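User: I'd like to go through this model piece by piece. Can you take my questions as they come?

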Amino acid sequence: MIGIIDYGAGNLQSVRNALKNIGVESEFVSNAKEFKNYSGLILPGVGSFGEAMRQLELKNLVEPIREYCKSSNLMGICLGLQLLFEHSQESPGVAGIGVFKGGFKRFDHKVLKVPHVGWNSLDIKKKDGIFKDCKNEEYCYFVHSYYLSECDNDIIAATCNYGEEFVAAVEKSNVSACQFHPEKSGEPGLKMLLNFCIKCGEVF
């Protein structure tokens, strides 16, 4: 069973529908004590960095998520990716979960249309993990105004180009995260979710 973390700031049902589409059962979970009941967790997210972190703090989920990532499989989606880092220009002074080092800056609205919305192709750097057997230059669906501007190079799993190259996905050990929405990205996105579930032992 996959747990989808419910903290009031994510499009949970679309993720659950995508998992159902690939034959994987899931439940919404908002109590950290129940994390141990799942083979893997998905951290979705829409909205602002600061408000999402506030909700996670209110539900006492920040430290449990950080601890969970040390030994168990977790996948962040869109804002869920951003929350796994240390900070974002969107919410100065607000600390992220801090699973990864680094933070986010806003796309230059004087040069680009912000937010970055729509389909864009990936340059896959890591051919295993969630991208196992995925073709390079697959198109995925993005909706975001902030991009990962600093991180360790060894965690970069895929990049994308929107005015400049930016990080579209990261992966290290048992933690994966993508800036795009795999649940809204058709067959390529379902393949990535399937790869995560295989990693969790939900699919053989």
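Analyst: Sure. A word on terms before we start: two strands pair if DSSP finds at least two bridges between them. Also keep in mind that this is a predicted model.

User: Which residue is the bridge partner of G76 in β13?

Analyst: Start with the strands: β4 covers residues 73-77, and β13 covers residues 175-178. Four bridges join the two, and they run parallel. Within that pairing, I77 stands opposite C178. For G76, the bridge partner in β13 is A177.

User: And on the β3 side, what is the bridge partner of I42 in β4?

Analyst: Strand β3 spans residues 40-43, and four bridges join it to β4, again running parallel. The partner of I42 there is M75.

User: What is the strand order of the open sheet?

Analyst: Some of it can be pieced together from the pairs, as β4 is joined to β3 and also to β13. The sheet has eight strands with mixed pairing. Its edge strands, each pairing on one side only, are β2 (26-29) and β8 (123-124). Written out, the order is β2-β1-β3-β4-β13-β12-β11-β8.

User: How many residues of β4 are buried?

Analyst: Take the two faces in turn. N73, M75 and I77 point one way, L74 and G76 point the other way, and all are buried. So with buried meaning under 20% relative accessible area, the strand is mostly covered, and the count is five of five.

User: Is N195 buried or exposed?

Analyst: N195 sits in helix α5, residues 186-199. The cut-off for buried is under 20% relative accessible area. N195 has 6%, so it counts as buried.

User: Which residue's backbone oxygen does the N195 side chain reach?

Analyst: Leaving out residues up to four places away in sequence, N195 touches G129, I130, F131, K132 and C134. One of these also gives a polar contact to the N195 side chain, at 2.9 Å. The backbone oxygen belongs to I130.

User: What is the volume of the largest cavity?

Analyst: The structure holds one cavity of 30 Å³ or more. Its lining includes I77 from β4, along with N11, V15, P44, H181 and E183 among others. The volume is about 30 Å³.

User: How do the lining residues of that cavity divide into nonpolar, polar and charged?

Analyst: The full lining is N11, V15, P44, G45, V46, I77, C78, H181 and E183. Cys and Pro count as nonpolar, and Gly counts as polar. On that basis the split is five nonpolar, three polar and one charged.

Terms used:
Residues numbered from 1 in each chain as written. Predicted model: local features only at pLDDT ≥ 70, side-chain atom pairs only at ≥ 80, totals over all residues. Heavy atoms only, no water. Buried < 20%, exposed > 50% of the residue type's maximum accessible area, 1.4 Å probe, protein only. Polar contact = N/O pair within 3.5 Å; in protein donor to acceptor, adjacent residues only side chain to side chain. Contact = heavy atoms within 4.5 Å. 1 Å grid on protein atoms, 1.4 Å probe; cavity = no way out; pocket = protein on both sides within 12 Å on 5 of 7 lines; lining within 4 Å. Points joined across faces, edges and corners; volume = space filled by probe spheres on them.
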